[in-house]
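Dear colleague,

I am passing on the model we spoke about, with the sequence alongside. Please have it open while you read the notes below.

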Amino acid sequence: MKRSEPRTSGYAGIGVALAALITAVVTALSVFLTAAPQASAAALTEVTNFGTNPGGLRMYLYVPDRLASQPGVLVAMHGCNGWAPGFHQGTEFASLADQYGFIVIYPQANKSANGMSNCFDVWSNEALRHGGGSDPVSIVSMANYVLQRYNGDPQRVFATGFSSGAMETLNLLATYPDVFKAGAPFAGVPYGCLGPAGCGDKTPQQWGDLARNAYPGYTGPRPRVMAWHGTADSVLPYTMLQEEVDQWTDVHGLSQTPASTDSPQSGWTRRVFGSGQVEAYTIVGAGHNLPHAGMAAYAIRFFGLDGGSSTPTPGGPIKSVASGRCLDVPNAANADGTAVQLWDCNGQANQRWAATSAGELRVYGNKCLDAGGTGNGAVIQIYSCHGGANQRWRLNADGTITGVQSGLCLDAVGQGTANGTRLQLYTCHGGANQRWTRT
């Protein structure tokens, strides 16, 4: 199978580095092949006849004993020379599925590239476009099978993977943004890097155009991305992390300057872009062997899958003092980016908000009240919970609700009181349109 080589000397080593995966990835994957089995009665099973399978992939499935109602679905993909059962045993996704009640699909790749076996196809013309065929179509078939068989939630379908699996993660986000809502690539490269465009340095717009052109004419919401990379990765250069950031911030129309930077753990640097659409994790000293222990939990939280196993706290209404109307998700919508409003209180699920210990205000159990910016007039919307500061709120004794990131107040636009009045962030002034009661 042919692919063009990277076009600049700074990235010329990627082809050689990929060939080095024969030994490097085998070493990294030894962890995945020797880890202790999951302590659960649930077992990894192979599913055949799951639907259209042009890639000729095998499908392994992990369904926890305690499955959430309308569960989320996670596709977790191994690296080159790897095996789906080994990735199942050697990563924490299955144990997190036991805890939170989502389903994990482990595809088994079978392609060869640069002397390596069991790689996911991210280089062929078929794999690089929506509906083209090869591995992406097979994986979408697996996801659709699970959604139908287990009454899964189509708004909570996600992808993650290591190395080749990380590359396929971003490939799926570009080619099937209508299926996958977010992805967490561990030690990957941008979409299109191994295709004809090559891995050479590109502007954010050039990277973004590649991803947009994977599905011409698509105008819906784009998947969120949480990318991870070690600074000592000798197989795929750490510089690939910035190329991924450039690509997906451009896809989302965001600045390449992070909105916030912090260190969730020693040796980790997290950069958050926009209101959390893109996150980048730098792991100091890590090689080509991600995810490390504890990292999967961050990905599951980013996806919003950490609230799906047990019955969510029912919560209650948040009522405007000025109008007596409730904070409401219009038409009980579930899509990320839906702007909230005031509406007559009716006690339905789209008006029940649960405050969490993390400072979130959750609706439906997995969507957070989210500030779409940090200035006056920033839209208030729902978004899959990801732990960003724009999704954390302070419930103050005077009835105001302030954003942790901005310090501004939850405000009914124009001091409005009618049904359909939108909410925004605004400088706190103590008015009745900024005061709320919770029951």
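The notes that follow deal with the sheets and with the helices that pack on one of them.

This is a predicted model, in which local features need pLDDT of at least 70 and side-chain atom pairs count only at pLDDT 80 or more, while totals for chains, interfaces and linings use all residues. Residues are numbered from 1 along each chain as its sequence is written, and side-chain values use heavy atoms, with hydrogens and water left out.

One open sheet has 10 strands in the order S1-S2-S4-S3-S7-S8-S9-S12-S11-S10, with mixed pairing (helices, H or I of at least four residues, and strands, E of at least two, are DSSP runs numbered from the N terminus; two strands pair if DSSP finds at least two bridges between them). Strand S1 (45–47) and strand S10 (260–262) each have a single partner strand, so one side of each is left without a neighbour in the sheet. The twist averages 20 degrees from one strand to the next (axes are lines fitted to C-alpha atoms, for helices over the stretch in contact, and angles run from 0 to 180 degrees between N-to-C directions).

Within this sheet, strands S9 (224–230) and S12 (278–283) are parallel and share six bridges, with Met226 opposite Glu279 in S12. Helix H4 (93–100) packs on the sheet, touching strands including S2 and S4, and its direction makes about 155 degrees with that of S4 (contact means heavy atoms within 4.5 Å). Helix H6 (164–175) also packs there, touching S3, S7, S8 and S9.

A further open sheet, of four strands, is antiparallel in the order S16-S17-S18-S19.

With best wishes
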